[in-house]
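Biologist: I've got the sequence and a model open on my screen. Can you walk me through what the atoms say?

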Amino acid sequence: MKMANSLRGEVLNLYKNLLYLGRDYPKGADYFKRRLKNVFLKNKDVKDPEKIRELIGRGKFVMKELEALYFLRKYRAMKQRYYSDTN
């Protein structure tokens with residue numbers, strides 16, 4: 001039972017972190033929030049700890065993808081700002 005509780009905390013943390021990252025999502029925060037909620041609800045009945053760890057891993061991968069997306073967008077904006085007049 002202890003392991004399930006620690007995984008629950010990890011899942012909740014993942015959800016909060018993804019929700020936080022989703023506020024800058026290109027299609028809008030509401031769109032992201034709806035999709036995120038649906039994915040988590042779809043998997044709410046998963047009891048197997050290995051499967052839960054796999055889903056957490058997938059969620060962490062999505063977090064890294066979002067961070068990369070935002071970093072790239074910020075980089076492009078800065079590059080455009082500083083190098084647009086040098087043509």
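Modeller: First a term: helices (H or I, at least four residues) and strands (E, at least two) are DSSP runs, numbered from the N terminus. This is a predicted model, where local features need pLDDT of at least 70, side-chain atom pairs count only at pLDDT 80 or more, and totals for chains, interfaces and linings use all residues. Residues are numbered from 1 along each chain as its sequence is written, and side-chain values use heavy atoms, leaving out hydrogens and water.

Biologist: Over residues 10–63, how far apart are the end C-alpha atoms?

Modeller: UniProt, in an unreviewed entry, puts "domain: Complex 1 LYR protein" at that stretch, residues 10–63; such annotations may be inferred rather than shown by experiment. The chain there is 76% helix and 0% strand, and its end C-alpha atoms are apart by 14 Å.

Biologist: Which helix gives the most to the largest nonpolar core?

Modeller: A nonpolar core is a set of buried Ala, Val, Leu, Ile, Met, Phe, Trp, Tyr and Cys residues joined through side-chain atoms within 4.5 Å; buried means under 20% relative accessible area, exposed over 50%, partly exposed in between (1.4 Å probe, protein chains only). The largest one here has 11 residues, among them Leu7, Phe32, Ile56 and Tyr70. Helix 1, helix 2 and helix 3 each give two or more residues to this core. The top contributor, with five residues, is helix 3.

Biologist: Leaving aside neighbours within four places in sequence, which residues does Ile56 contact?

Modeller: Ile56 is one of the residues of that core. Contact means heavy atoms within 4.5 Å. Setting aside neighbours within four places in sequence, the partners of Ile56 are Leu7, Glu10, Val11 and Leu14.

Biologist: Which helix gives the most to the lining of the largest pocket?

Modeller: On a 1 Å grid over the protein atoms alone, a pocket is an open set of points where a 1.4 Å probe fits, with protein on both sides within 12 Å along at least five of seven lines; lining residues have an atom within 4 Å of a point. Helix 1 (2–21), helix 2 (29–42) and helix 3 (49–83) each supply at least two lining residues. With nine residues, the one giving the most is helix 2.

Biologist: Is Lys27 buried or exposed?

Modeller: Lys27 sits in the loop between helix 1 and helix 2. Its relative accessible area is 58%, so Lys27 counts as exposed.
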